[in-house]
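Here's a quick tour of a few spots worth clicking on. Have the viewer open and follow along.

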Amino acid sequence: MVSDSTNLPVKQTPLYAEHLKLGAKMIGFGGWNMPVFYSSILEEHQAVRQRVGIFDISHMGQIRVSGPSAEQWLNTMLTNNLKRLEMRDGQYTLLLNEQGGVIDDLIVYCRGSNDYFLVVNAAKIEEDFAWMQSRLKGGVAVSDLSDHFAGLAVQGPGSAELLERFGELPKRNQIRETRIQGIPVLLARTGYTGEDGFELFYPAAAAGVVWNHLLEVGTPLGVKPCGLGARDTLRMEVCYPLNGADLSPTRTPLEAGLGFFVDLEKPEFVGRDPLLVQKETGLRQRLVALKSDGKSPPPRAHYSVFVGDARVGELTSGTQSPSLGIGIGLGYVDVPFSKPGQKVEIDVRGRRFAATVEKKPLYKKRC
Amino acid sequence: MLVPDDLRYAETHEWIRSEGSIGTVGITDHAQAELTDIVYVELPQVGAILESRKAAAVVESVKAASDIYSPVSGEVVETNPELESNPALVNTDPYNAGWLFKLKLSHPEEISSLKSAAEYRTQIGT
């Protein structure tokens with residue numbers, strides 16, 4: 001075994017000292033030094049599926065877009081239709097380049113008339129901000145608030161019970177203002193795990209106060225601090241894409257199976273024309289979910305996918321699913337081989353292991 | 001971290017227990033703790049000729065696949081049959097039930113070039 005010295009850490013979140021106190025193993029991720037696990041990825045995964053887990057997501061970015069032309073302008077930057085949002089509503093959406101490739105996937109919340117709050121990926125904060133700045137029109141102000149916010153994801157079937165003591169909870173995909181230990185918190189009912197859950201954004205100076213309070217009052221509910229390892233296995237089971245792995249500037253949201261979040265009826269948004277062409281001419285590849293047929297090494301990003309002798313695709317993510325107890329993966333596969341039920345083989349270090357294209361998501365939460 | 005005194009250690013976190021001309025190889029407590037949650041172990045074939053410091057096995061955690069290097073040269077005479085159904089033995093009992101493979105040593109003198117328990121403890125800082 002050789003120790004992993006890649007991805008040298010650059011930035012620390014305001015919860016860094018708390019992670020060290022809890023004995024977290026830290027890794028570099030998107031330029032940030034983040035906890036990958038505290039005790040075990042599997043235990044943390046199960047805590048979120050069965051009880052409640054808390055993640056530090058302070059590395060994620062927050063961008064505010066406001067001003068009299070904010071709605072009209074931002075609707076030309078993003079793929080989904082902002083006009084569907086009422087006050088407090090959030091929506092999943094994408095920022096595309098001129099070729100229709102994905103710069104970032106994000107959630108935009110409506111905080112008032114012409115006032116929007118964007119939560120973006122950690123590694124893309126500067127790029128998203130610069131992209132929007134360079135296309136700015138009059139009557140719009142874009143500000144990067146990322147350094148001012150700490151962020152937590154509180155996820156799992158027990159998350160509502162943990163948070164309802166602080167006031168009325170937002171509905172799914174909505175955002176509300178609340179207070180925890182006197183600290184003003186933006187509380188959104190969103191997440192990246194497939195469970196009921198919440199994301200909290202609040203002043204970075206109070207990062208440890210809210211984190212420690214939730215761990216303390218959540219003890220009877222079995223709350224556990226959770227790292228990026230579990231965050232990754234949880235999102236893969238429900239087939240949420242990870243930007244930089246499953247999404248990239250050379251893949252469009254249509255190829256990634258995210259057409260639901262692209263409103264091609266909108267008259268104008270960056271990347272629209274290439275998507276219209278792609279819709280007309282058809283896709284070459286599509287992002288599919290795969291499940292191993294039997295015992296196999298865990299599928300991983302960059303493993304090749306074969307049908308017979310033909311290489312028909314490549315994985316972009318993969319792991320051993322803690323909930324299903326079997327290998328799972330996401331990958332781009334030639335369209336003729338992309339239908340659920342398609343038998344394929346995954347090449348692992350020169351050996352082939354049988355797998356099947358499955359309907360997404362691979363795991364559904366217990367009702 | 002457990003570092004038993006009676007074993008020799010490679011810098012790459014493998015241990016070897018030698019009894020006569022046979023050496024038993026596994027990964028250290030420190031290595032399993034770094035990897036955590038081992039879900040798959042790919043072992044060499046019985047009869048395979050291994051060279052010291054060359055990749056001999058793969059241990060896969062939830063997060064990543066890691067090459068395991070043979071600390072010495074020799075021929076594989078046995079692999080741990082329990083690991084196929086229970087790879088987590090490498091986590092729970094790395095020095096006993098979680099052993100990986102046994103070698104017939106082709107150059108027994110290589111053992112003396114490996115680290116002692118004290119030297120390995122210094123390396124990992126415990």
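## Hairpins in chain B

Let's start with strand E1 (residues 8–9) of chain B, which runs antiparallel to strand E2 (residues 14–19) of chain B and is joined to it by two bridges. Keep in mind that this is a predicted model. In this pair, B:Arg8 sits opposite B:Ile16 of E2(B). Four residues separate the two strands of the hairpin, where B:His13 adopts a positive phi near 80°.

E2(B) also has a partner in strand E3 (residues 22–27) of chain B: the two pair antiparallel over six bridges. Here B:Glu14 faces B:Ile27 in E3(B). What kind of phi does B:Gly20 have in the turn of this hairpin? A positive one, of about 65°, with two residues lying between E2(B) and E3(B).

## A helix tucked away in chain A

Over in chain A, helix H2 (residues 41–50) is largely enclosed by the rest of the structure, because seven of its 10 residues are buried. The buried set isn't just greasy side chains: alongside A:Ile41, A:Leu42, A:Ala47 and A:Val48, there are A:Glu44, A:His45 and A:Arg49.

What do the buried residues of H2(A) pack against? On the strand side, the list is E3 (32–37), E4 (53–56), E10 (149–155) and E14 (224–226) of chain A, and helix H7 (228–237) of chain A joins them.

## The nonpolar core

The largest nonpolar core takes in 130 residues. Those with the most contacts inside it are A:Tyr116, A:Leu118, A:Leu152, A:Val154, A:Leu200 and, from the other chain, B:Val41. Strand E7 (residues 102–112) of chain A is the top contributor to this core, giving six residues.

For a closer look, pick A:Leu200. Leaving out residues up to four places away in sequence, A:Leu200 touches A:Gly151, A:Leu152 and A:Val154, then A:Val185, A:Leu186 and A:Leu187, plus A:Val210.

## A buried proline in a loop

Now find A:Pro298, in the loop between strand E15 (285–292) and strand E16 (304–307) of chain A. Is A:Pro298 buried or exposed? It has 23 C-beta neighbours inside 10 Å, so A:Pro298 counts as buried.

Some of its company comes from chain B: A:Pro298 touches B:Val39, B:Tyr40 and B:Glu60. Its chain A contacts are A:Gly318, A:Thr319, A:Gln320 and A:Gly327, again not counting residues up to four places away in sequence. A:Gly318 is 20 residues from A:Pro298 in sequence, yet their C-alpha atoms are 6.8 Å apart in space.

Note on methods:
Residues are numbered from 1 along each chain as its sequence is written. Chains are lettered from A and ligands numbered from 1 in the order in which they are written. This is a predicted model: local features need pLDDT of at least 70, side-chain atom pairs count only at pLDDT 80 or more; totals for chains, interfaces and linings use all residues. A residue is buried if 20 or more other C-beta atoms lie within 10 Å of its own, exposed if 12 or fewer, and partly exposed in between; C-beta atoms are placed from the backbone. Two residues are in contact if their C-beta atoms, placed from the backbone, lie within 7 Å. A nonpolar core is a set of buried Ala, Val, Leu, Ile, Met, Phe, Trp, Tyr and Cys residues joined through C-beta atoms within 7 Å. Two strands pair if DSSP finds at least two bridges between them.
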